[in-house]
Amino acid sequence: MAVEPEQAEAPNVETNKLSLSLFRRPDKFKIGEDFDLFIKKCNLYFEAVELEDVKKRRFALLFNLSEDAFRLAEPVEFGEGENAYKDWIGKLKSLFERNQTATEKRYNFHRREQEPGESVDSYAVSLREAGARCGFHGDEYSSRLVDQFILGLSDKATQNKLLQEPPNSLDDALLIARRFEAANATMKTLAREATEKLSRTTIGSVL
């Protein structure tokens with residue numbers, strides 16, 4: 001009796017969806033930022049979601065560039081062979097990495113604002129990194145971090161609270177910002193549940 005060859009195990013689609021939902025994509029790279037750090041974050045993300053295909057990694061990385069950076073990177077040749085992706089990354093590094101002036105570093109720090117969907121903790125970490133690259137130290141470092149954190153907050157209620165009651169440190173500012181963030185998340189959940197309940201009630205009355 002002939003033995004049928006074993007069928008390849010079908011990929012677990014639900015597991016893949018779960019992996020994608022658990023890990024947030026790195027923030028989009030903007031010209032002037034630390035490209036090496038961006039690549040490290042992308043590689044960690046690719047490993048977390050088990051994205052092995054190098055051509056798909058290329059597409060995903062291009063998608064995670066700002067418009068200006070994309071226009072520069074997209075035409076860069078992607079060759080063939082096992083080192084194609086590594087060689088392509090090397091070309092991008094040559095394109096984007098250069099020694100920034102002190103003025104450019106401070107400019108990037110002062111233009112940093114909380115992005116849509118970015119948590120206050122992630123925003124604070126990014127500010128700390130940008131501030132460190134500027135060479136700020138001691139009290140100046142702490143003071144500039146607090147000021148930029150408040151100025152760049154996306155939630156105006158949180159921002160107004162911190163402007164009216166200035167915190168002594170970034171950690172103090174984070175404690176308040178987290179409370180507002182949690183409260184906003186709760187309000188959104190309650191509003192969504194109320195909308196869904198109203199929708200079910202309306203449908204039930206029609207039926």
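**Close-up views of the predicted model**

**View A. Asp 121 is partly exposed, with a relative accessible area of 30%.** The structure shown here and in the other views is a predicted model. Asp 121 forms a salt bridge with Arg 178, in which the closest N and O atoms are 2.6 Å apart. The pair links distant parts of the chain, since Arg 178 belongs to helix α10 (residues 170-206) and Asp 121 to helix α7, with their positions 57 residues apart in sequence. Arg 178 has a relative accessibility of 35% and therefore counts as partly exposed, because that class covers values between the 20% limit for buried and the 50% limit for exposed residues.

**View B. Arg 71 and Glu 67 form a salt bridge within helix α4.** The N to O distance between the two side chains is 3.7 Å. Both residues are in helix α4, four residues apart, which corresponds to about one turn of the helix. Arg 71 is exposed, and Glu 67 is exposed as well. By the rule applied to the model, the count of salt bridges comes to 10. In general terms, side chains of opposite charge can pair when their charged atoms come close.

**View C. Lys 161 and Glu 165 are joined by a salt bridge.** Their side chains meet at 3.0 Å, N to O. Lys 161 is partly exposed at 28% relative accessibility, and Glu 165 is likewise partly exposed, with a relative accessible area of 45%. Elsewhere, salt bridges that share partners bring Asp 27, Arg 112 and Glu 118 together in one network.

**View D. Glu 118 is a buried residue in the loop between α6 (102-110) and α7 (120-134).** Its relative accessible area is 4%, so Glu 118 is classed as buried, the cut-off being under 20%. The side chain of Glu 118 makes a polar contact of 3.5 Å with the side chain of Ser 122. With neighbours within four places in sequence set aside, the residues in contact with Glu 118 are Arg 24, Asp 27, Arg 112, Glu 113, Tyr 123 and Glu 181.

**View E. Thr 158 is buried in helix α9 (residues 156-164).** The relative accessible area of Thr 158 is 3%, and a polar contact of 2.6 Å joins the Thr 158 side chain to that of Asp 155. When neighbours within four places in sequence are left aside, Thr 158 is in contact with Leu 153, Ala 177 and Phe 180.

**View F. The largest nonpolar core of the model has 21 residues.** Those with the most contacts inside this core are Phe 38, Leu 61, Leu 65, Trp 88 and Leu 92. The elements that contribute two or more residues to the core are α2 (35-48), α3 (54-63), α4 (67-73) and α5 (84-96). Trp 88, again leaving aside its neighbours within four places in sequence, is in contact with Arg 58, Leu 61, Leu 62, Ala 73, Val 76, Glu 77 and Phe 78. A second core, separate from this one, has 19 residues, among them Phe 109, Leu 145, Ile 150 and Ala 173. As a general background to this view, nonpolar side chains tend to be buried together in soluble globular proteins.

Methods
Residues are numbered from 1 along each chain as its sequence is written. This is a predicted model: local features need pLDDT of at least 70, side-chain atom pairs count only at pLDDT 80 or more; totals for chains, interfaces and linings use all residues. Side-chain values use heavy atoms; hydrogens and water are left out. Buried means under 20% relative accessible area, exposed over 50%, partly exposed in between (1.4 Å probe, protein chains only). A polar contact is a pair of N or O atoms within 3.5 Å; within protein, one must be able to donate a hydrogen and the other to accept it, and residues adjacent in sequence count only if both atoms are side-chain atoms. Contact means heavy atoms within 4.5 Å. A nonpolar core is a set of buried Ala, Val, Leu, Ile, Met, Phe, Trp, Tyr and Cys residues joined through side-chain atoms within 4.5 Å. A salt bridge is a side-chain nitrogen of Lys or Arg within 4 Å of a carboxyl oxygen of Asp or Glu.
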